[in-house]
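Please look over the sequence and the model shown here. The paragraphs after it go through the fold, the confidence and a few chosen residues.

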Amino acid sequence: VQTPMEATLKGGENGDCISKGSSAKSTLVHTIARLDPDAAMPPDGKGDPLTKEQVGLVRAWIDQGAK
């Protein structure tokens, strides 16, 4: 059984959700930053979105290689 982190790093049906070293190309960032309303996570009414600071931490982690 994979942990959520292992599954995220592995990717899914639609390819990698993290582009190590490039948060701008990472699907994960696009969804948690809610750049596309149709793919926003969490969806409206399903929880609180991450703050700009939290998204920034994820972006920094990915830009540094997502180790």
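What follows moves from the whole chain to one helix and then to two loop residues.

The model is predicted. Its elements run α-α-α from the N terminus on, with 3 helices and 0 strands in the protein. Of the 67 residues, 21% are buried. The accessible surface comes to about 5,000 Å², and carbon and sulfur atoms account for 54% of that area. Among the contacts with a separation of 6 or more, 42% are between residues 24 or more positions apart.

Confidence should be kept in mind when reading the details. The mean pLDDT of the protein is 85, and 81% of its residues reach 70 or more. The lowest confidence is in α1, with a mean of 68, while helix α3, residues 52–63, has the highest, at 96.

Helix α3 can be described further. It has 12 residues, which at 1.5 Å a residue should span 16 Å; the C-alpha atoms at its ends are 16 Å apart, so the expected and modelled spans agree. Which residues of α3 are buried? They are V55, V58 and I62. Seen down the axis of α3, the buried residues fall within an arc of 60 degrees, and therefore they line one face of the helix. The general geometry is relevant here: an α-helix has 3.6 residues a turn, so residues three or four places apart point the same way. On the face of α3 turned away from the buried side are the exposed residues E53 and L57. The cover over the buried residues of α3 includes α2. Just after α3, G65 takes a positive phi of about 105 degrees.

The loop between α1 (4–10) and α2 (27–32) holds S23, and S26 is placed in the loop between α1 and α2 as well. Are these serines buried or exposed? S23 has a relative accessible area of 1% and S26 one of 0%; buried means under 20%, so both count as buried.

The contacts of each serine show what lies around it. Not counting residues up to four places away in sequence, S23 touches V29, R59, I62 and D63. V29 falls within the range of α2, 27–32, and R59, I62 and D63 fall within that of α3, 52–63. With neighbours within four places in sequence left aside, S26 is in contact with C17, I18, S19 and I62. I62 thus appears in the contacts of S23 and in those of S26, and I62 is one of the buried residues of α3.

How values were computed. Residues are numbered from 1 along each chain as its sequence is written. This is a predicted model: local features need pLDDT of at least 70, side-chain atom pairs count only at pLDDT 80 or more; totals for chains, interfaces and linings use all residues. Side-chain values use heavy atoms; hydrogens and water are left out. Helices (H or I, at least four residues) and strands (E, at least two) are DSSP runs, numbered from the N terminus. Buried means under 20% relative accessible area, exposed over 50%, partly exposed in between (1.4 Å probe, protein chains only). Contact means heavy atoms within 4.5 Å. Accessible areas come from the Shrake-Rupley method with a 1.4 Å probe; for residues, only the protein chains shown count as cover. pLDDT is the predictor's confidence in each residue, from 0 to 100. The expected span of a helix is 1.5 Å times one less than its number of residues. The arc is that of the directions from the helix axis to the C-beta atoms.
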